[in-house]
Structure formats: C-alpha cells, structure tokens
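Reader: I should like to learn how to read a structure of this kind, feature by feature. Might we begin once the model is in view?

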Amino acid sequence: MEGAIIDRNNLTKIYNGKVKAVIDLNLSIKEGEIYGLAGPNGAGKTTTINMLITRISPTGGKATVGGFDITKNSMQVRKLIGVVPQDFTADEDLTGRENLTMVSQFYDVPKAKAQENIKTLLKLVDLEEAADRLVRTYSGGMRKRLELIIGLVHEPKILFLDEPTLGLDVQTRTQMWNYVKEIQSRLNVTIILTSHYLEEIDELAARVSIIDHGKVLITGSPAQLKESLKGDIISVTLTDQKSVETMKTIQGVVEVTDAGSNTVRIKVVSADNDLPKIINFISQHGLSTTRLTVQKPTLDEVFLEYTGKTIREAEGGEDARKMAMNMRRARQ
Ligand SMILES: Nc1ncnc2c1ncn2[C@@H]1O[C@H](COP(=O)(O)OP(=O)(O)O)[C@@H](O)[C@H]1O
Ligand SMILES: [Mg+2]
C-alpha cells in the first residue's frame with residue numbers, strides 16, 4: 001500500500017513445523033493511525049506482533065516496518081519502534097523513574113534529552129507523583145501506565161501495544177483508553193494495538209482486522225464492520241396486541257418479529273435512515289407506543305457473524321457459551 005508504515009505480505013508463522021499460529025497475513029497500516037488486531041486468545045495476535053518487532057522470525061512471507069524489511073533490516077526496525085508487551089517488564093524493586101532511566105540508557109538517549117522525555121511522559125500518564133516510589137507499590141493501572149511510557153522513552157515512530165488492558169477492571173481500562181488516545185495525538189505515533197476486548201478496539205482503533213485461527217477474517221473501520229451486518233434493531237412496544245399485528249405489516253424493512261409483551265423487533269439496514277419510516281407508519285395507523293429503542297450492533301456481533309461464534313465462546317468456558325446463546329436469542 002502507498003504510504004504504509006507497516007506492510008505485510010503473506011506473513012506466516014508455523015511453530016515447530018506444526019502449530020500454524022499465523023497464516024498468510026496481509027495488512028497495511030497507515031502512518032499516524034491506531035490499528036487494532038482483534039481476536040480471541042490463541043488467535044495469533046502476539047505472534048504477529050513478535051514478528052513485526054523482530055523478536056521472532058517468520059517462517060513465510062514478508063513485512064516492512066517503516067520501510068525496512070523485518071528480516072534483513074531488523075536493527076533499523078528496532079530503532080523505529082517501541083514495544084509494550086503483554087506481560088509486565090518493569091523492575092518492581094526500582095522506582096518508576098529508575099525504570100524509565102534504565103531503558104533510556106539502553107537506547108543511548110542522551111542524558112538531558114532522556115530526563116526531558118521522562119518528565120513529559122510521566123506527566124502524560126499522571127504518574128509524576130508516584131515516579132519516585134518503588135514499582136511494587138503501584139496499582140495494576142499504574143503499572144500498565146508505566147509500561148506504556150517505558151515503550152516511549154526513545155521517541156519511537158511506531159508503538160506496539162499487546163493487550164494493554166489485560167486484567168484491569170472496567171473502570172481502569174476506560175482510563176487507559178484515554179491515555180492511549182492522548183499519547184497518539186500528542187506524540188503523533190502510529191499505534192498497533194491488540195486486544196480480545198472488542199469494545200476496546202471499537203473505542204480506540206481507526207481500523208481493525210479481526211483475526212481468528214491465525215487468519216484475517218475482515219478488515220475495516222469499526223463503523224464499516226458494524227454497518228456490514230445490515231442489522232440495526234428498532235424495538236417498538238405498543239399498547240395492545242392489535243397494534244402489534246398492524247405494526248407487523250410494515251414494508252421496506254429487513255425483518256419484523258413479535259418479541260412478546262406487545263413488542264415488535266424491527267430489523268433494518270440503518271436505523272438512522274429507517275427510523276422516520278417507522279415513526280410515520282405509527283402515526284399514519286394511529287398506533288400508540290409506550291417505548292421505542294434503537295440498538296446498533298457491536299463489534300461482538302461482527303465477530304459472531306464472521307466466525308459463527310462469540311469471542312467469549314472462542315475462548316471457551318461454560319459462562320461464555322451461555323452468554324453466547326443469550327446474545328443469539330436477543331438478535332433473532
Ligand atoms: N513459542 C510458541 N511455540 C509453540 N506454539 C506457540 C508459541 N507461541 C504461541 N504459540 C501458539 O500459537 C497460537 C497463537 O498464539 P498467540 O500468538 O500467542 O495468540 P494471541 O496473542 O492471539 O493470544 C496459539 O495456538 C499458541 O498456542
Ligand atoms: Mg497474546
């Protein structure tokens with residue numbers, strides 16, 4: 001792709017000659033964007049990242065990062081990138097600032113420049129006050145924020161975030177999203193983010209590739225992927241069953257179903273375009289409504305559509321299967 005900062009061509013990784021972790025991956029990532037790799041555990045996200053950051057070598061295909069070939073020019077690639085791995089890397093027995101300084105030294109950042117960068121970064125993620133405390137005293141969220149800026153001390157052009165909010169509670173996760181957005185806009189870095197939380201990808205990524213079993217299933221902006229389902233749901237609750245029967249005769253929608261309790265579920269291509277039609281129908285037929293709701297599909301539903309299972313099911317577990325069943329029922 002023209003102007004791509006990361007370009008991959010049939011990138012493949014087969015571990016030990018048998019585990020097909022990534023198969024013929026083709027993706028292009030533009031400079032300055034946040035690009036999401038979404039998929040359940042074991043989909044091949046970390047393997048993809050590890051190839052792009054030159055930690056492991058591909059068994060097939062090619063990729064360039066910032067114009068450099070990941071196999072032939074791995075040293076140049078490493079200078080351009082920052083990496084925040086899935087697992088913690090910071091030394092718990094050092095302070096936050098000491099960790100940052102150590103990594104700066106590793107990258108040969110001149111001392112004065114390093115101090116300046118560290119100050120800016122600590123401020124960016126609200127860790128100034130905790131900077132001189134031992135990392136072992138940090139909360140989970142603070143640690144993740146520290147990891148985030150450890151990946152940035154040498155001013156990389158491209159930042160890889162592998163599951164940046166794994167294990168954080170919902171509230172801390174949402175805070176982390178704001179820090180990631182702030183970093184992207186202030187420092188103007190390209191960010192490649194993996195996550196198995198689809199709402200996280202939806203919130204952060206300009207474009208996303210959904211991967212499962214080492215293959216890209218679909219790529220697009222979160223909005224495009226959701227629109228591709230042609231499945232907004234408008235639920236209308238009426239005052240009596242007779243009105244329900246009338247409502248069911250509406251034309252020009254994808255599907256109308258009786259959801260019980262005087263409610264009809266109307267599936268439409270786009271609620272934004274089709275809602276006026278429904279409201280006109282209600283008024284023309286003199287129906288009275290007690291409730292009207294619009295539900296747009298989420299990326300979870302996109303995943304379900306393209307894989308035939310929910311992301312939680314893909315990760316296994318009894319709860320996951322129950323939730324999946326409920327979700328299917330709700331969309332029927
Ligand atoms: N070092 C390895 N050796 C053998 N198999 C591996 C290795 N690392 C990962 N795998 C396997 O490759 C697949 C993809 O794993 P991974 O890239 O870690 O997925 P994700 O990050 O999406 O959870 C899984 O089946 C995993 O068990
Ligand atoms: Mg992983």
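Reader: How many salt bridges does a search of the whole structure find?

Author: Some conventions come beforehand: this is a predicted model, in which local features need pLDDT of at least 70, side-chain atom pairs count only at pLDDT 80 or more, and totals for chains, interfaces and linings use all residues. Residues are numbered from 1 along each chain as its sequence is written, chains are lettered from A and ligands numbered from 1 in the order in which they are written, and side-chain values use heavy atoms, with hydrogens and water left out. A salt bridge is a side-chain nitrogen of Lys or Arg within 4 Å of a carboxyl oxygen of Asp or Glu. The search of the whole structure finds 17 of them.

Reader: Which residue meets Glu 203 in a salt bridge?

Author: The partner of Glu 203 is Lys 181, at 2.5 Å from N to O. This pair links distant parts of the chain, 22 residues apart: Glu 203 belongs to helix H7 (residues 198–204) and Lys 181 to helix H6 (residues 170–187). Such names follow a rule: helices (H or I, at least four residues) and strands (E, at least two) are DSSP runs, numbered from the N terminus.

Reader: Are Glu 203 and Lys 181 buried or exposed?

Author: The general scale is this: buried means under 20% relative accessible area, exposed means over 50%, and partly exposed lies in between (1.4 Å probe, protein chains only). Glu 203 is partly exposed because its relative accessible area is 39%. Lys 181, at 31%, also counts as partly exposed.

Reader: With which residue does Asp 258 form a salt bridge?

Author: Asp 258 pairs with Lys 248, and their closest N and O atoms are 3.8 Å apart. The two are 10 residues apart and link distant parts of the chain, with Lys 248 in the loop between helix H9 (241–247) and S12, and Asp 258 in strand S12. Asp 258 has a relative accessible area of 34% and is therefore partly exposed. Elsewhere, salt bridges that share partners join Glu 92, Asp 93, Arg 136 and Arg 143 into one network. Lys 248 also meets Glu 245 in a salt bridge (3.8 Å, N to O). Lys 248 is partly exposed at 32% relative accessibility, and Glu 245 is partly exposed at 39%.

Reader: Which residues are around ligand 1?

Author: A residue is near a molecule if one of its heavy atoms lies within 4 Å of it. Around ligand 1 are Tyr 15, Asn 16, Val 19, Ala 21, Pro 40, Asn 41, Gly 42, Ala 43, Gly 44, Lys 45, Thr 46 and Thr 47. Ala, Val, Leu, Ile, Met, Phe, Trp, Tyr, Cys and Pro count as nonpolar, Asp, Glu, Lys and Arg as charged, and the others, Gly among them, as polar. On that division the shell holds five nonpolar residues, six polar and one charged.

Reader: Which oxygen or nitrogen atoms of the protein lie at ligand 1?

Author: A polar contact is a pair of N or O atoms within 3.5 Å; within protein, one must be able to donate a hydrogen and the other to accept it, and residues adjacent in sequence count only if both atoms are side-chain atoms. A backbone N or O atom of Gly 42 is 2.6 Å from an oxygen atom of ligand 1. For a polar backbone atom of Gly 44 the distance to a ligand oxygen is 3.0 Å, and for a side-chain N or O atom of Thr 46 it is 2.8 Å. Of the 560 Å² of accessible area that ligand 1 has on its own, the protein covers 61%; such areas come from the Shrake-Rupley method with a 1.4 Å probe, and for residues only the protein chains shown count as cover. Strand S2 (19–30) and helix H1 (45–52) are the elements that give two or more residues to this shell. H1 supplies the largest share, three residues.

Reader: How many of the residues of H1 are buried?

Author: Seven of the eight are buried, so H1 is largely enclosed by the rest of the structure. Among them are Lys 45, Thr 47 and Ile 49. Just after H1, Thr 54 takes a positive phi of about 65 degrees.

Reader: What share of the whole protein is buried?

Author: Buried residues make up 49% of the 332 residues. The secondary structure comes to 13 helices and 14 strands.
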